[in-house]
Amino acid sequence: MFKFWYKEFPQYPSDHPDYWRVRLIIHALLIVSCYFCILTMTNLVAFSNYTFALLDGTGLLISLGIYVYFRKTEKVDWAAWAVTILITSIVLLFVMSAGGYRHSLFWATIIPPVAFFLLGKKWGSWVSFFAFSVCIFLGYRQYLSPQTGSYGFAALLNVIEVSAAHILLFRFYEHTRSSAYRQLAIRNTDILRMAETDKLTGLYNREKLDYVLAQLIQVKSDKNGLSVMILDIDHFKSINDQYGHLEGDRVLTSLAIELQQSMRNEDIVARWGGEEFVVVCVNASLTTAMALAQRLRANIANMTISGKHLTISVGVAQRQLDDNAESLLDRADTALYKAKRDGRNRVLAAL
C-alpha cells in the first residue's frame, strides 16, 4: 500500500522546485486519510455513533478524492490549496467543537508550517491570520465567560499529539533543508567545474590557465624555475577535412588523455584553443622542460592516437624576471611557430 501511495511523479524529480511540496502533500493526505479511517471505524464499532461516523467517512472520501485527483492531474498548486484547506478545516472544526478548551488551541500551531510551505509567504500569511483570528475569538469568549477548568486527560492528549505533529513537521523541513543544501553544493561544484574546464577534453580552459599561471608567476621565490610549453598538432586541418570534425574532436580528446598521462603530477595541462595545448611545468628549468617536451614529442610520433599517426610541434619558454603570464605565453608561442616553419615535429626553445 505504502509503495503505491508514495509512487514517484516522474516529472517531479528530486531536483525539481516542487519535489518537496509534492512529498508534503502526499504525507499529509496519507495521515489525514488514516485519521478519518480510524475515527470512522471507532464511531461505528465502539460508540455506534452513525452521525459522527458519517461525517468522518465523508472526510475520508474527500481526502482520498484529493489524492486520486492529484495523481490523475498532477496539479501541484491545486493539491497544495486543497490540502491546506482540508487541514485548516479539520483543526478549526476540532478547536471550535472543544470551545478552545482542553488545550485544543495548540492544534492551530500546525497550520502555519503547512500553509507557508505549500502556499508560500503571501497566502500562508493569510491562512494563518484567519486560523489564529478564530483562535483569538475563542480565547476572547473564554475571557468574557471564564470557567474553572482542570488539566485533564484530554488536555494531556492534545499536548502530546500536537508536540508529535510538530516534531514530524520539523523533521520533514530539516530533511528538505539538508537536501536543498546538498543539491546546491552539487550544483556549485558543477558550475565551478564547467567554468574552469574545457568541455571537449576535460582539461583546464583558457581562463583557468591564465589565472593559475598568473598566480604561479607571482611566486618570485621559485628557485627551480617555471616553464611553459605550447604544443600544436601538425596538419590537424587535414584530419578535419578528410575525416570530419567529429573525428577531429576524438583526436583532440585522445591527445588530451595522453598529455595528462605523460606529464608529471605537478604539471598543469590546459587546452589553449583549437588544436593547441599548454603545459605549465612547475619547478622546471628550461633544460628540464625541453627534455619533457622532447620525450612527449617522440612518444606521440611513435604511437597511434585514435587510429592515426600524429606529430606535434612544441615551443618552450622559461619565466624571466620581467615576465607576466601574457609575455611568457607569447614567447613560447613564438617558438612554436618557428618550429612549425622549420619543418614541424620538433621542439624549439624561446630566446
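**Figure 1. Overall view of the predicted model, in which buried residues make up 43% of the 351 residues in the protein.** The model shown here and in the views that follow is predicted. The protein has 11 helices and seven strands. Taken along the principal axes, the box filled by the C-alpha atoms is roughly 105 × 45 × 30 Å. The radius of gyration is 36 Å, whereas a compact globule of 351 residues would have a value near 20 Å. Of the contacts between residues at least 6 apart in sequence, 69% join residues at least 24 apart.

**Figure 2. Close-up of the contact of helix α4 with helix α5.** Helix α4 covers residues 76-97 and helix α5 covers residues 111-144; their axes come within 11 Å and cross at roughly 20 degrees. Angles under 35 degrees count as roughly parallel, and α4 and α5 are therefore roughly parallel to each other. The crossing in which α4 passes α5 is right-handed. On the α4 side, the residues that meet α5 are A80, W81, V83, T84, I87, T88, V91, L92, V95 and M96. Their counterparts in α5 are I111, V114, A115, L118, L119, W123, V127, F130, A131, V134 and L138. By residue class, this contact of α4 with α5 divides into 19 nonpolar, two polar and no charged residues.

**Figure 3. Close-up of C135 in helix α5.** C135 has a relative accessibility of 9% and therefore counts as buried, the cut-off for buried being under 20%. Leaving aside residues up to four places away in sequence, C135 touches L105 and A108. M263 is 128 residues from C135 in sequence, and the C-alpha atoms of C135 and M263 are 73 Å apart in space.

**Figure 4. Close-up of V282 in strand β3.** The relative accessible area of V282 is 14%, so V282 is buried. Not counting residues up to four places away in sequence, V282 touches L216, G225, L226, R264, E266, D267 and I268. I233 lies 49 residues from V282 in sequence and 23 Å from V282 in space, C-alpha to C-alpha.

**Figure 5. Close-up of N283, a residue other than glycine with a positive phi.** The phi value of N283 is near 55 degrees. Most residues other than glycine have a negative phi. N283 belongs to the loop between β3, residues 276-282, and α10, residues 286-301. With a relative accessibility of 39%, N283 counts as partly exposed, a class that falls between the cut-offs of 20% for buried and 50% for exposed.

**Figure 6. Close-up of R344 in the loop between α11 and β7.** The helix on one side of this loop, α11, spans 325-341, and the strand on the other side, β7, spans 347-349. R344 is a residue other than glycine, and its phi is positive, near 70 degrees. The relative accessibility of R344 is 29%, so R344 counts as partly exposed.

Technical notes
Residues are numbered from 1 along each chain as its sequence is written. This is a predicted model: local features need pLDDT of at least 70, side-chain atom pairs count only at pLDDT 80 or more; totals for chains, interfaces and linings use all residues. Side-chain values use heavy atoms; hydrogens and water are left out. Axes are lines fitted to C-alpha atoms, for helices over the stretch in contact, and angles run from 0 to 180 degrees between N-to-C directions. Helices (H or I, at least four residues) and strands (E, at least two) are DSSP runs, numbered from the N terminus. Angles under 35 degrees count as roughly parallel, over 145 as roughly antiparallel, 65 to 115 as roughly perpendicular and the rest as oblique. A crossing is left-handed if the near helix is turned anticlockwise from the far one by less than a right angle, and right-handed if clockwise. Contact means heavy atoms within 4.5 Å. Ala, Val, Leu, Ile, Met, Phe, Trp, Tyr, Cys and Pro count as nonpolar, Asp, Glu, Lys and Arg as charged, and the others, Gly among them, as polar. Buried means under 20% relative accessible area, exposed over 50%, partly exposed in between (1.4 Å probe, protein chains only). The radius of gyration is taken over C-alpha atoms; the globule rule is 2.2 Å times the number of residues to the power 0.38.
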